[in-house]
Amino acid sequence: MAKWTPFPHAGQFRLDAAQLKKQWARLHTGDVEPLPKDPQVLQAWVHFHNGEFQEASQIGLAAGGAGITAANKATSIYANYLEKKEKTRLELFTQVAEQAQQQAQADPKNANAWYWHAYALGRYSQGISVAKALAQGLGSKIRESLEKAIALAPSHADAHIALGAFHAEVIDKVGALIGGMTYGAKKDKGLKLFQEALRLNPDSAIAMIEYANALVMLEGERKMGEATALYEKAAACKPQDAMEQLDVDLAQAELEE
């Protein structure tokens with residue numbers, strides 16, 4: 001396996017297993033992943049939260065079971081934020097989608113199996129163009145997997161964010177009429193999903209970022225002030241792990257442009 005691009009703030013987070021257990025509830029407010037019983041899976045998560053994404057992925061896959069979720073999250077976050085080659089990014093998202101689909105088939109009540117299946121397909125779709133992805137039938141797969149994740153875990157804030165983004169992206173690309181009739185995408189529903197995500201996880205920088213993006217997609221220039229305020233709030237968040245730091249970095253970079 002090629003060496004992954006390192007986390008740009010190496011050494012900033014130094015959680016060990018005992019510290020992670022204490023902070024688990026706070027760090028997993030977004031994905032409501034249960035605290036793992038298997039020490040190897042917990043170690044995969046230690047690597048993830050410290051920004052050692054490749055190690056997290058390798059250890060999670062080797063552990064199997066709940067470790068697949070750690071591997072899928074590590075691979076997805078790495079691909080989304082740090083992988084520089086577009087071809088490799090798309091390959092990593094495809095790999096996660098396949099792993100998550102197999103995990104969902106083996107464990108259909110695992111909300112995060114469905115969530116990472118949808119997340120990976122969603123990011124893959126953005127990479128190849130949303131219009132092309134919709135033509136390939138990926139839209140309905142993403143929506144169905146996210147709806148399953150929310151049905152299984154109603155407090156899964158990240159699934160609410162992703163489903164809100166789905167509604168916004170579809171309407172932005174094909175319009176409200178076709179988006180609603182063909183893909184079940186609705187503006188009001190999308191915005192409510194973001195509001196619910198922020199109610200469930202009020203400190204989520206990524207919820208603020210994605211909500212801001214959706215407001216501009218769905219409401220245009222008149223919501224630019226509100227969107228900028230959300231970006232400013234996201235940029236001021238205090239990250240508790242590597243993923244949250246990458247979210248904050250993204251908000252700060254957007255504001256500087």
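The legends below describe close-up views of a predicted model.

Local features need pLDDT of at least 70, side-chain atom pairs count only at pLDDT 80 or more, and totals for chains, interfaces and linings use all residues. Residues are numbered from 1 along each chain as its sequence is written, and side-chain values use heavy atoms, with hydrogens and water left out.

**View 1. Val32 in the loop between α1 and α2.**
Val32 has a positive phi of about 40 degrees, although it is not a glycine. Most residues other than glycine have a negative phi. The loop that holds Val32 runs between α1 (17–27) and α2 (39–49). Helices are DSSP runs of H or I with at least four residues, numbered from the N terminus. Val32 is partly exposed, at 32% relative accessibility. Burial classes rest on relative accessible area: buried is under 20%, exposed is over 50%, and partly exposed is in between (1.4 Å probe, protein chains only).

**View 2. His9 and its contacts with Gln245 and Asp249.**
His9 sits in the segment before α1. At 26% relative accessibility, His9 is partly exposed. Leaving aside residues up to four places away in sequence, His9 touches Gln245 and Asp249. Contact here means heavy atoms within 4.5 Å. The side chains of His9 and Asp249 make a polar contact at 2.6 Å. Such a contact is a pair of N or O atoms within 3.5 Å; within protein, one must be able to donate a hydrogen and the other to accept it, and residues adjacent in sequence count only if both atoms are side-chain atoms. For scale, the C-alpha atoms of His9 and Gly139 are separated by 35 Å, with these positions 130 residues apart along the chain.

**View 3. Aromatic pairs and a cluster.**
Rings of Phe, Tyr and Trp (its six-membered ring) pair if their centres lie within 6.5 Å; planes under 30 degrees apart count as stacked, over 60 as edge-to-face and the rest as tilted. By this rule there are 10 aromatic pairs. Trp4 and Tyr78 are stacked, because their ring centres are 4.3 Å apart and their planes are at 15 degrees. This pair links distant parts of the chain: Trp4 is in the segment before α1, and Tyr78 is in helix α4 (residues 67–81), 74 residues apart. Both Trp4 and Tyr78 are buried. Tyr115 and Trp116 form an edge-to-face pair, since their centres are 4.8 Å apart and their planes are at 75 degrees. Tyr115 is buried at 5% relative accessible area. Trp116 is buried too, at 2%. One aromatic cluster is formed by Phe7, Phe13, Trp24, Trp45, Phe48 and Phe53.

**View 4. Salt bridges within helices α5 and α11.**
Side chains of opposite charge can pair when their charged atoms come close. A salt bridge is a side-chain nitrogen of Lys or Arg within 4 Å of a carboxyl oxygen of Asp or Glu. The structure holds 12 of them. Glu91 bridges to Lys87, with the closest N and O atoms 2.9 Å apart. Both residues lie in helix α5 (residues 86–106), four residues apart, about one turn of the helix. Glu91 is partly exposed at 42%, while Lys87 is exposed at 60%. Arg199 bridges to Glu196, with the closest N and O atoms 2.8 Å apart. These two lie in helix α11 (residues 187–200), three residues apart, about one turn of the helix. Arg199 is exposed at 56%, while Glu196 is partly exposed at 25%.

**View 5. The Glu219–Arg222 bridge and a salt-bridge network.**
Glu219 and Arg222 meet in a salt bridge, 2.6 Å from N to O. Glu219 is buried, with a relative accessible area of 16%. Arg222 is exposed, at 64%. Glu169, Asp172 and Lys173 are linked in a network of salt bridges.

**View 6. Helix α14 and its packing.**
Helix α14 (residues 242–256) has 15 residues. From first C-alpha to last, α14 reaches 21 Å, close to the 21 Å expected at 1.5 Å a residue. The expected span is 1.5 Å times one less than the number of residues. Buried residues of α14 include Ala242, Met243, Leu246 and Val248. The buried residues of α14 pack against α1, α2, α3 (53–63), α4, α12 (205–219) and α13 (224–235). At the start of α14, a side-chain oxygen of Asp241 reaches to within 3.3 Å of the backbone nitrogen of Met243.
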